Amino acid sequence: MAAGDERYVARHPDAVRADIRSWPTGRLLSVAARVVEGRFHEFLAARGLTHAGLIALHHAAEGRLPQRELAALCRVTDQTMSRTVEHLRRSGYVVKETDARDRRRTLIEVTAAGLRVLAEARRQERDSDGLFGELEDYAVFREQLIRLISAI
């Protein structure tokens with residue numbers, strides 16, 4: 001399996017269950033990532049969001065900040081952040097304004113609608129069987145992922 005794994009898993013659950021225990025761990029991780037990413041993409045798209053937009057909302061939720069600083073926090077280029085912020089602005093999730101003290105800087109602030117959609121995404125991530133399937137303990141799962149990534 002590769003591209004389209006999430007569709008294959010959804011369409012052929014019995015075939016997947018029949019041999020999934022024989023898969024190498026790397027394949028399990030790879031397929032799980034694509035399945036969850038596909039589910040999360042659908043969830044976000046239904047709300048006018050992208051993965052990049054959600055990350056930007058996460059960082060900007062703490063308070064108004066310069067767009068360049070937001071790009072650095074999200075680890076993307078200024079141009080990429082400009083497109084992401086414009087999409088968020090059109091969706092009503094952020095407002096942009098020129099910094100009164102330095103007219104070269106653009107400040108980004110999350111709107112009430114942006115905070116609501118961010119809270120909904122966090123709730124769905126944590127509590128929904130639809131995104132991650134049936135996790136016994138979300139907090140433990142999250143910590144295991146953090147340890148796995150941090151060990152690299």
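User: Before we look around, what do "buried" and "exposed" stand for here?

Analyst: Buried means a relative accessible area under 20%, exposed means over 50%, and partly exposed is in between. Keep in mind that this is a predicted model. Take Phe40: its relative accessible area is 10%, so Phe40 counts as buried. Phe43, at 9%, is buried too.

User: Which aromatic pairs turn up in the structure?

Analyst: Searching the whole structure gives one aromatic pair. Phe40 and Phe43 make it up, with ring centres 5.8 Å apart and planes at 15°. Planes under 30 degrees apart count as stacked, so this pair is stacked.

User: Where do Phe40 and Phe43 sit relative to each other along the chain?

Analyst: Both belong to helix α3, three residues apart, so about one helical turn separates them.

User: Now for the interior. What do nonpolar side chains tend to do in soluble globular proteins?

Analyst: They tend to be buried together. In this model, the largest nonpolar core has 23 residues, and those touching the most other members are Leu49, Leu54, Leu57, Leu70, Met81, Leu88 and Val94. Several elements each supply at least two residues of this core: helices α3 (25-45), α4 (51-60), α5 (67-74), α6 (78-90) and α7 (112-127), along with strand β3 (106-110). The top contributor is α4, with four residues.

User: Could you walk me through one core residue? What is Leu49 in contact with, leaving aside neighbours within four places in sequence?

Analyst: With those neighbours left out, Leu49 contacts Leu44, Leu54, Leu57, His87, Leu88, Tyr93 and Val117. Among these partners, Leu54, Leu57 and Leu88 are also on the list of core residues that touch the most other members.

User: And a residue such as Thr84: is it buried or exposed?

Analyst: Thr84 is buried, because its relative accessible area is 11%. Thr84 lies in helix α6. Setting aside residues up to four places away in sequence, Thr84 touches Ala52, Gly53 and Ala56.

User: Let's turn to the outside. Which residues form a nonpolar patch on the surface?

Analyst: For a patch, we look at residues with over 30% relative accessible area. Here Leu29, Leu145, Leu148, Ile149 and Ile152 form one on the surface, and together they have about 530 Å² of accessible area. Helix α9 (residues 138-150) gives the most to the patch, with three residues.

User: How should I read Leu148 in that patch: what is its relative accessible area?

Analyst: Leu148, which lies in helix α9, has a relative accessible area of 44%, so Leu148 is partly exposed.

Technical notes: Residues are numbered from 1 along each chain as its sequence is written. This is a predicted model: local features need pLDDT of at least 70, side-chain atom pairs count only at pLDDT 80 or more; totals for chains, interfaces and linings use all residues. Side-chain values use heavy atoms; hydrogens and water are left out. Patches are made of residues with over 30% relative accessible area and no salt bridge: like charges are joined within 9 Å, nonpolar side chains (Val, Leu, Ile, Met, Phe, Trp, Tyr) within 5 Å. Accessible areas come from the Shrake-Rupley method with a 1.4 Å probe; for residues, only the protein chains shown count as cover. A salt bridge is a side-chain nitrogen of Lys or Arg within 4 Å of a carboxyl oxygen of Asp or Glu. Buried means under 20% relative accessible area, exposed over 50%, partly exposed in between (1.4 Å probe, protein chains only). A nonpolar core is a set of buried Ala, Val, Leu, Ile, Met, Phe, Trp, Tyr and Cys residues joined through side-chain atoms within 4.5 Å. Contact means heavy atoms within 4.5 Å. Rings of Phe, Tyr and Trp (its six-membered ring) pair if their centres lie within 6.5 Å; planes under 30 degrees apart count as stacked, over 60 as edge-to-face and the rest as tilted.
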